Amino acid sequence: MLTLAIFGMLAAVLVTAATGVIVSRNPVHAAMWLVLTFATSAVLWLLLEAEFLAIILVLVYVGAVMVLFLFVVMMLDVNATVAREGFTRYAALGSVIAAIVVGELLALLWLRSSGLPITRPLAGMPDGHSNTREIGLELFGGHVFEFELAAFLLLLAIVAAIMLTHRQRPGLKYQDVSAQVKVRREDRVRLVKMAAERDE
């Protein structure tokens, strides 16, 4: 009963944080709401006894991806007015997707009350069971190619973010390394000789 109550509170926080990501007008505020969403999802993973996935969610998404996302948002100088216009444009599609998700949740509640074998609770893991070992065997055993492909896509995303932040924009000053290397002393320092003056 206590686990169900904790799950209900976490689910409410998760839905509130996800809604904050959508309706927030400031991109930085939306990113902070997304951090809360990831953190709450990690606690839900802990309730499912998937400790490794919870730690990875916090370290990778909250600690790395979201920090990179915040840097990109702040350096790209996102126009908030244009971003708000897209909210009304995709409101109908978002409503349809939300209705589908609500329908799936209602179907799940109906299945739980139907008594079908699919609704049996998950068995607890025995003592000494290691989620990290099981995931490691799956990733580096039969899915090593997919794992390497995901790492390559993340690297590609980082390079694309750097290229976006260094695009040519008016009003910005850029460093010319070749001009700095070719500079001479006469271009930087000008010696001036003047007669000494005495205050009377």
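In this predicted model, L57 is in contact with F38, S41, A42, W45 and V62, once its neighbours within four places in sequence are left aside. Of these partners, F38 and A42 also appear beside L57 in the largest nonpolar core, a set of seven residues that is completed by A31, A54, M66 and L70. Both α2 (27-47) and α3 (51-76) supply at least two residues of this core, and the largest share, four residues, comes from α3.

The core residue F38 also takes part in an aromatic pair, of which the structure holds one. The ring centres of F38 and Y61 are 5.3 Å apart and the ring planes stand at 50°, an angle between the limits of 30 degrees for stacked and 60 for edge-to-face pairs, so the pair is classed as tilted. Because F38 lies in helix α2 and Y61 in helix α3, the pair ties together parts that are 23 residues apart in sequence. The two members differ in their accessibility, since F38 is buried, with a relative accessible area of 17%, whereas Y61 is partly exposed, with a relative accessible area of 39%.

Y61 is in turn found at the second largest pocket, where I56, V60, Y61, F147 and L154 are the closest to the centre among the 14 residues of the lining. This pocket holds about 390 Å³ of space, and the elements that give two or more residues to its lining are α3, α6 (131-142) and α7 (144-165). The largest share of the lining, seven residues, comes from α3. By class, the lining consists of 14 nonpolar residues, with no polar and no charged residues.

Technical notes:
Residues numbered from 1 in each chain as written. Predicted model: local features only at pLDDT ≥ 70, side-chain atom pairs only at ≥ 80, totals over all residues. Heavy atoms only, no water. Core = buried A, V, L, I, M, F, W, Y, C linked by side-chain atoms within 4.5 Å. Buried < 20%, exposed > 50% of the residue type's maximum accessible area, 1.4 Å probe, protein only. Contact = heavy atoms within 4.5 Å. 1 Å grid on protein atoms, 1.4 Å probe; cavity = no way out; pocket = protein on both sides within 12 Å on 5 of 7 lines; lining within 4 Å. Points joined across faces, edges and corners; volume = space filled by probe spheres on them. Nonpolar A, V, L, I, M, F, W, Y, C, P; charged D, E, K, R; others polar. Phe/Tyr/Trp six-rings, centres within 6.5 Å; stacked < 30°, edge-to-face > 60°.
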